[in-house]
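Colleague: Could you give me a close look at how the strands pair up in one part of this model, and what packs against them? I'd be glad if you then followed the same kind of detail elsewhere in the chain.

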Amino acid sequence: MSVKSSMSFESEQLNDEKCESFLTGTRYVTQCSQIKKYPKKCLRLPVLTLLTCCALVIVTLVTCILIIVYTFKHPYTHKPRCQAIQDGDAMELYRGSLNPFSELREEEIQNVVDFLFAQPNLKLTHPSKAGINSNYIHVIEMFLPPKKDVLNFFSHGRTPTRMARAYIFKGNQSAPVVEEYLVGPLPKPYNISLMASSSRKTSIPYTYRPFSKFEIKAFYKAIVPKIMGKIASLLKESYNATLSNCGKQCLRFLITPVSSGFLEEGRRKSWFWFAYDIEFYTLHPLDFQFLVDTTDVDPSRWEIQNVFYANQHFVNLDELSYRYNEGTINKTRLSFPHTSVEEQYSAVYLRGEAVPKDLKSPPQQRQPSGPRYTVNGNQVNYMDWRFHIRVSPTLGAQLFDIRYKSERIIYELSMQEIAVLYSGHTPAASMLYYADSAGLFGTRLRGMMPGVDCPDHGTLLDVMAYTSNEGGLKQLEKSVCIFEHNTGTLLRRHRAYGMSGAFYSGLVDYVLVVRVYICIINYDYILDFIFHNNGGVEVKISATGYLAASFYYPEEEKYGTRISDTVVAGLHHHLFHFKADIDVKGTDNRFQTMNIGHERKVNQWSHDPHNAHSQNFFIKDDKRTEKEALYNFDFQHPKNLLFYKNDPTPLGHTPAYRLIHKGMTKSIIEEDTGFEPSVSWGRHQMAVTKQKDDEISSSSMFAMWDAKDPVVNFTKFWEDNENIVDQDLVAWVTMGSYHIPQTENVPTTGTVGTDLSFFMVPFNYFREDPSLSSRDAVKIMPLDAKSPLSGAAVERYNTTLHYDCLAKKIDSELLTNSTFLFS
């Protein structure tokens, strides 16, 4: 073949593949075919030109080799170039159009604050100037409208009146009290009234109030000087550290609130105990504890009543000081840890032989087409799901009006309480019972680290909260995360094989996750609401963070695990309580258990009349009252838990949602004693009650202290034993686990094997698997049903435009050889 340049070219046939995607009906099909390429090959060139080309080739090869060798020896000198990333702010959950689930806006909160300060009878003090003996606003939040009004809004568009509720601490009066007020209407309130409720107290003893920053400040001002005035030398000699003017060798304190269930009427007391102020202080406890009566609103009248030091009890500081100086007691001698922070056993730094050794990056998920969900204000849409998010300052994250395929299945899904019940030998350890709602869950949601706490491709949301502990209004940045997740597991799959009938179908379990972290002192709780593409909802919670620990004595052996020479971490019971207001095909529902039994059945077709076998069967058992519906797990009597609408389908089934409980726990502390009445919801794995607007929550911010007379007594929710047949029903789910610490929990506890969850999944609700509508599925059929190994066609309903090169290669290879799949 001649051309004008006098160069000659010859052709050589090369094979390659060409892949095409086309639509057949509702299916995308990818097929690849062999194509021919005819590359050009140089045949004749002038000698000088040829030598020049050869020299350039040699130089290029040598240069490439040198670059490769240098890069191998110096891997960090050539860092990957990153595209410019726009540093945008997180979305604000409280923006967007108002709906019945919208938390208060900044303007609304400010209007409520201004209105309350304008009430002369309240005598309010701003948080910046308040103290325990002041009247101040502790928290303000939206008051959820009655459910019937909200449903009416969705049906007819009639917007419920927006109201706020405010907790006001009244320390500046002769009989101090905490009161819950209803304020409104919003946005410009003009009315205030004491909240009326039959399910909770709205005028609460001041001794039941949760801890506040004002109480901590008062401790430093009123108690620390008393300690330093009497035993400063003891602290220095015993621990080589002190409380004030301590430089880098400081002590800090931890608090064990003593529940009213252990105290005489009307008293408020706490055990305070010291630890070294280093990373992280809960793993550096010391053996100095003291009981303080903080009943009086005047901190100058607080009294140190008991002291525990070196495994000995003393009436007060005076007795301890006298006997210490006389040398008639055991004394503790410890050196302040002087090793570097990186070497402290309690600090989280890279230690040991680092992995991976080859500096390879971990796998990452990506969204080639961008997010497949939308967030509009507090409403989220994903596939067939739609719901609203609210972050209540008191309860934290709540999901409302959860709909699948346009039908509401859950009206409210939220966590109610976290309790941690410790055990130990010392006073502070043995009295350590936490009800974490005292910390106001919604205000404990803090910023997430992108790429760690929240995937890089996730959406981060800011929330707004008003609380005195934050000095008033505070924006909690990047505290809610929403992301789609490839779980790496299959939602469904089947591979049929053989000389006829071979096929493959599979669907990855892609899910949407709404995630928050609740950080309370030493523990970080990871709460996930997970939406699966078959109509199932999952609630999962995990605990990580630091252990709470005590000074080691031999007497602690049966209560905890020794994790260092002087430290023991105590056994504790985690308890979590959740609310699920379930609406299956409306609000008139029933609760049923499908009880699984066994029988011995004679084989009637056998010639031997004695030939029998044992098999299982189930019986449907409708629960008619709240007491009948109390659920306690029993391995000897397994059962399914169903919430259903009494409206049979053509097949005779009643559409239902099944609650699957995978976080079983049983509280074994004695009922109605000590702290237990504050967490009476922990007696059962689940309770089912008739929905009442007034039964907002199963617990309260006062539960840490109120055991003598609980502000919310959950047993009253079901003790009236109301009818629950064809009623609006609420499931109250208890999950938990006993944690016996281990050395691998140092420095922080891991989440592997510790997560707890429950599911709500459709049960005879749909005629078939609703995930069949997912275009994320893959279906593979042989090209010839009689010869399934000779080739197959792959259908990718949704991913043909974005699936990767490996998938293209596999699809192409399957066209001619499907042995690996069907043999």
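Modeller: Happy to! Two strands count as paired if DSSP finds at least two bridges between them, and strands (E, at least two residues) and helices (H or I, at least four) are DSSP runs numbered from the N terminus. The model is predicted, with local features requiring pLDDT of at least 70 and side-chain atom pairs pLDDT 80 or more, while totals for chains, interfaces and linings use all residues. Residues are numbered from 1 along each chain as its sequence is written, and side-chain values use heavy atoms, without hydrogens or water.

Let's start with the open sheet, where five strands follow the order β11-β12-β13-β14-β15 and pair antiparallel. Its edges are β11 (251–258) and β15 (312–314), each pairing on one side only. From one strand to the next, the twist averages 25°; angles here run from 0 to 180 degrees between N-to-C directions, with axes fitted to C-alpha atoms, for helices over the stretch in contact. Eight bridges hold β11 to β12 (residues 269–276) in the antiparallel sense, and one pair you can pick out is V258 with its bridge partner K269 in β12.

Now for the helices on this sheet. Helix α5 lies across β11, β12, β13 (285–293) and β14 (303–309), at about 165° to β13. Helix α6 (residues 317–326) lies across β13, β14 and β15, and its angle to β14 is about 40°.

α5 (residues 224–239) also has a helical neighbour in α4 (residues 213–222): their axes come within 4 Å and cross at roughly 30°. That makes α4 roughly parallel to α5, a label for angles under 35 degrees (over 145 is roughly antiparallel, 65 to 115 roughly perpendicular, the rest oblique). On the α4 side the contact (heavy atoms within 4.5 Å) is made by F219, Y220, K221 and A222, and on the α5 side by V224, P225 and K226. Sorted by class, that is five nonpolar, no polar and two charged residues, where Ala, Val, Leu, Ile, Met, Phe, Trp, Tyr, Cys and Pro are nonpolar, Asp, Glu, Lys and Arg charged, and the others, Gly among them, polar.

Further along the chain, β22 (residues 459–467) runs antiparallel to β23 (residues 472–496) over eight bridges, with L461 partnered by V480 in β23. Four residues lie between the strands of this hairpin, and G471 takes a positive phi near 75°. β23 is in turn joined to β24 (residues 503–520) by twelve antiparallel bridges, and E484 stands opposite L512 in β24.

Two buried spots are worth a visit. L440 sits in the loop between β21 (433–435) and β22, and its 0% relative accessibility makes it buried (under 20%; exposed is over 50%, partly exposed in between, with a 1.4 Å probe and protein chains only). P393 is 47 residues from L440 in sequence, yet their C-alpha atoms are 5.9 Å apart. Neighbours within four places in sequence aside, L440 touches H138, V139, P393, T394, T467 and M701.

The other is Y523, in β25 (residues 523–532), which is buried at 2% relative accessibility. Its contacts beyond four places in sequence include Y422, I518, H572, H574 and H739. For Y523, an unreviewed UniProt entry lists "modified residue: 2',4',5'-topaquinone"; UniProt positions follow the numbering used here, feature names are shortened, and annotations may be inferred rather than shown by experiment.
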